[in-house]
Amino acid sequence: MADEAGDVFRRAGVVDQHRAVAALRAALGAPLHAYLLVGPPGAGAAAAARGFSAALLCPAGGDGTCRDCRLALAGEHPDVITFVPAGAYLSVGDAADVVREAQRSPVEGGRKVLVLHELHRVQHAAPALLKTLEEPPASTVSVLLADAVVPELVTIASRSARIDLPPLAAATIEKALVGEGVDPERAAEVASPALGDLERARVLATDDDLARRQRLWQSLPEHLDGTGSTVATAVDELLEHIDDAAAPLRARQAAEAAALEERLAATGARGSGGRKALAEQHKRALRRQRVTELRFGLATLAAAYRDRLAADPEDPAAAVAAIDAVTAAAEGLVRNPNEPLLLQALLLRLPARSGTPRRASSPA
Ligand SMILES: [Zn+2]
């Protein structure tokens with residue numbers, strides 16, 4: 001039985017994450033009312049939620065092959081309700097929908113699963129959700145996903161069973177890519193810049209522009225001259241590259257959508273549920289791809305300053321301050337910031353290329 005439950009997670013696309021899978025598998029016998037899956041994009045939280053939903057609804061505890069499993073894994077089970085914040089944050093209206101849905105009885109069996117994506121964007125809607133998560137109908141299990149436990153999420157987190165899905169090791173990503181038929185040399189190249197995110201690694205494997213973007217971020221310390229106009233130009237260029245970076249993902253998504261249409265045509269199914277689920281998944285993936293691309297850029301930039309620090313350990317102040325500023329900006333990404341403002345503020349704080357720290361600006 002245990003192996004079969006493991007299989008449903010593998011079928012859902014979970015790679016590695018043995019600890020998380022074991023915890024979810026152990027929960028199947030007597031599930032609690034809410035689980036919080038915490039992990040960065042592409043580490044497998046969404047896949048784990050899919051596998052867990054299937055296993056919760058499967059009469060055999062997740063054989064991966066029965067009707068319930070197949071529907072849940074395909075995102076088409078009527079008793080798995082998925083919510084993704086439509087805007088930048090989860091609105092109070094979204095939360096009301098979740099609460100209403102949680103109260104409804106299951107359509108088919110004795111249980112219903114609510115999957116709430118990107119709950120780190122919960123902001124002001126947290127209190128509206130809390131009551132439902134604390135006192136749900138006995139038939140409802142909530143599976144909450146978040147990149148990180150932000151302050152607004154702390155109370156919800158305290159009422160849920162937390163399961164962590166850390167970033168995947170570069171070696172795991174490399175192996176998974178090779179297993180999917182990616183050229184081993186290419187797999188080795190992209191494993192590290194993927195930042196623990198297997199979805200990103202798959203996209204990077206078809207991205208010939210990765211090296212150029214990496215160089216752009218690496219060369220930033222050499223270009224900044226302490227003027228606002230240089231910063232403005234640099235920010236425009238970075239954002240343009242981030243836009244371009246979505247091209248391989250868009251191509252991949254177009255192929256997935258075409259494959260779905262082909263399947264639907266072959267089976268004569270209407271498939272509006274599957275189409276909607278795929279479109280939502282794609283939208284989410286594009287948004288997350290931008291954040292990860294920014295995170296990758298900032299990690300590359302921090303590494304460039306670390307190299308400078310190693311090259312000139314006599315005068316560490318400027319490089320240390322720069323690394324701190326870049327790290328703070330990267331941590332701010334979880335809050336869905338305005339990208340141009342975040343980059344402008346950061347680049348203005350970084351030292352001019354002479355290597356000396358910029359004069360502290362007077363308060364505006
Ligand atoms: Zn099943």
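What follows is a chat about how some labels on this predicted model are justified.

Colleague: Let's start with E1. What makes strand E1 largely enclosed by the rest of the structure?

Modeller: Strand E1 covers residues 34-38, and 5 of the 5 residues are buried, so the rest of the structure largely encloses it. Ala34, Leu36 and Val38 point one way, Tyr35 and Leu37 point the other way, and all of them are buried.

Colleague: Why do the side chains split like that between two faces?

Modeller: Because side chains in a regular strand alternate between the two faces of the sheet.

Colleague: And how do you know that E1 pairs with strand E4?

Modeller: Pairing takes at least two bridges. E1 and E4 (residues 140-146) are joined by 5 bridges and run parallel, so they pair. Ala34, for one, stands opposite Ser142 in E4. E1 also has 4 bridges to E5 (residues 161-164), again parallel, and there Tyr35 has Ala161 as its bridge partner.

Colleague: Over to the charges. Why is the contact between Arg290 and Asp243 called a salt bridge?

Modeller: The cut-off is 4 Å between a side-chain nitrogen of Lys or Arg and a carboxyl oxygen of Asp or Glu. For Arg290 and Asp243 the closest N and O atoms are 2.7 Å apart, so the pair qualifies. Arg290 sits in helix H14 and Asp243 in helix H12, so this contact ties together parts that are 47 residues apart in sequence.

Colleague: Is Arg290 buried, exposed or partly exposed, and how do you know?

Modeller: Arg290 has a relative accessible area of 23%. Buried means under 20% and exposed means over 50%, so partly exposed is the label in between. Asp243, at 44%, is partly exposed too.

Colleague: What else do you have between helices, say for Glu261?

Modeller: The side chains of Glu261 and Arg275 meet in a salt bridge, 2.8 Å from N to O. Glu261 belongs to helix H13 (residues 247-267) and Arg275 to helix H14, so the pair ties together parts 14 residues apart in sequence. There's also a network in which salt bridges with shared partners join Arg200, Asp207, Arg213 and Glu293.

Colleague: How many salt bridges does the count come to?

Modeller: The count comes to 21.

Colleague: Last one: what makes Asp236 exposed?

Modeller: Its relative accessible area is 52%, and exposed means over 50%, so Asp236 earns the label. Asp236 lies in helix H12 (residues 228-244), and it gathers with Glu237, Glu240 and Asp244 in a patch of negative charge on the surface.

Definitions and conventions. Residues are numbered from 1 along each chain as its sequence is written. This is a predicted model: local features need pLDDT of at least 70, side-chain atom pairs count only at pLDDT 80 or more; totals for chains, interfaces and linings use all residues. Side-chain values use heavy atoms; hydrogens and water are left out. Patches are made of residues with over 30% relative accessible area and no salt bridge: like charges are joined within 9 Å, nonpolar side chains (Val, Leu, Ile, Met, Phe, Trp, Tyr) within 5 Å. Accessible areas come from the Shrake-Rupley method with a 1.4 Å probe; for residues, only the protein chains shown count as cover. Lys and Arg count as positive and Asp and Glu as negative; His and the chain ends are not counted. The place of a charge is taken as NZ of Lys, CZ of Arg, CG of Asp or CD of Glu. Helices (H or I, at least four residues) and strands (E, at least two) are DSSP runs, numbered from the N terminus. Buried means under 20% relative accessible area, exposed over 50%, partly exposed in between (1.4 Å probe, protein chains only).
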